[in-house]
Amino acid sequence: MDDLACQELVELATEYLEGALGAEQRARLEHHLSHCDGCHAHLGQLRAVVRAAEALPEERLSVAAEDELVAAFRAWAAGG
Amino acid sequence: VGERALVARLRSGDEAAFRELVAAHGSALLRLALIYSPSRAVAEEVVQETWIAVLRAIDGFEGRASLRTWISRILVNAARRRAGLEARSVPFSALGGDDEPAVDPAWFQREGPHAGHWARFPVDPSTLPEERLLGAEIRERVQGAIAELRTPQREVFVLRDVEGWPGHEVSELLEITPGHQRVLLHRARNRVRRAIEDLL
């Protein structure tokens, strides 16, 4: 049943995590994952990447640039 | 519905509405602008120009795409033009030479009955404390890896994983197919993963 090599699984990992695999392929992959600690760990690493990425601090314009922007808005609003 | 009200307030010259929009989308726009810009100063200029273009065009906003997709498209087109890139995204074939494996082949057994299976297991980060995963060391590696990504991979990674946009909105903005979007995401995630795997 499990003819999926780990080296093949890692190439399907994003399709799997994004919910883009067909039912049959997903079942095959999940069966493999259920008994392969290495692939399970690999998916954990990808989830860790996503977690670290979404936690990056926000970027913000410099105060000067933001002030200029508000001034530009006021000029636009006044000019109609 | 909330979006339509915000657009109406903006059209009427409501400064609070403008500030709300800048607060909501400013970070994503700056992250996108940084992809194409040679310096942070240029990226900030691109963001300023984008907002001014948004104000000039807001009367024509029809709500066919979400407001953030519409604003981001203005930015991406302006920034790509400025960087001398085609405003439309490059065809997939032009990305060439980008089919690197997700995991270095050295991690796998090359022959024998278990060829293609792990030669040694990667570290499972599930026991890694959250404060370490989100700490300065890993954060700096992640930021460095993102900065090194090729442009198409970086666009997708920033929107999908850093900003958390749904995949369909990312492909809509970048005018690429959902499948292509996932291929780029796959390459990008694994590049970032390889940059931090020794810290997990």
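In this predicted model, helix α3 of chain A packs against helix α7 of chain B (residues 151-162) at an angle of about 85 degrees, and their axes lie 8 Å apart. Angles of 65 to 115 degrees count as roughly perpendicular, so α3(A) is roughly perpendicular to α7(B).

Let's look at who meets whom at this crossing. From α3(A) come A:Val49, A:Val50, A:Ala53 and A:Glu54, and on the other side α7(B) brings B:Phe157, B:Asp161 and B:Val162. Sorted by class, this helix-to-helix contact holds five nonpolar and two charged residues, with no polar ones.

**The wider interface**

Stepping back from the two helices, the contact between the chains involves 47 residues of chain A and 59 residues of chain B. Together the chains bury about 4,500 Å², and 64% of that area is on carbon and sulfur atoms. Which three residues supply more of the area that chain A buries against chain B than any other three? They are A:Gln45, A:Glu59 and A:Phe73, with 16% of that area.

A:Glu59 also has a charged partner across the interface: its side chain forms a salt bridge with that of B:Arg40, at 2.9 Å from N to O. Seven salt bridges are found between chain A and chain B. Polar contacts link 20 residue pairs across the two chains, counting pairs with both residues at pLDDT 80 or more.

Where on chain A does the touching side come from? Helices α1, α3 and α4 of chain A each give at least two residues to the side that touches chain B. The largest share comes from α3(A), with 16 residues, and this is the helix that crosses α7(B) at about 85 degrees. The table places the three helices along chain A.

| Helix of chain A | Residues |
|---|---|
| α1 | 6-17 |
| α3 | 37-54 |
| α4 | 63-79 |

What is the make-up of the side of chain A that touches chain B, by nonpolar, polar and charged residues? This side has 27 nonpolar, nine polar and 11 charged residues.

**The partner chain**

Chain B contains nine helices and zero strands. Its pattern along the sequence reads α-α-α-α-α-α-α-α-α, and α7, the helix that packs against α3(A), covers residues 151-162. Along its principal axes, the C-alpha trace of chain B spans about 70 × 40 × 35 Å.

Note on methods: Residues are numbered from 1 along each chain as its sequence is written. Chains are lettered from A and ligands numbered from 1 in the order in which they are written. Side-chain values use heavy atoms; hydrogens and water are left out. Contact means heavy atoms within 4.5 Å. Buried area is the accessible area (1.4 Å probe) that two parts lose on being put together, summed over both. A salt bridge is a side-chain nitrogen of Lys or Arg within 4 Å of a carboxyl oxygen of Asp or Glu. A polar contact is a pair of N or O atoms within 3.5 Å; within protein, one must be able to donate a hydrogen and the other to accept it, and residues adjacent in sequence count only if both atoms are side-chain atoms. Helices (H or I, at least four residues) and strands (E, at least two) are DSSP runs, numbered from the N terminus. Ala, Val, Leu, Ile, Met, Phe, Trp, Tyr, Cys and Pro count as nonpolar, Asp, Glu, Lys and Arg as charged, and the others, Gly among them, as polar. Axes are lines fitted to C-alpha atoms, for helices over the stretch in contact, and angles run from 0 to 180 degrees between N-to-C directions. Angles under 35 degrees count as roughly parallel, over 145 as roughly antiparallel, 65 to 115 as roughly perpendicular and the rest as oblique.
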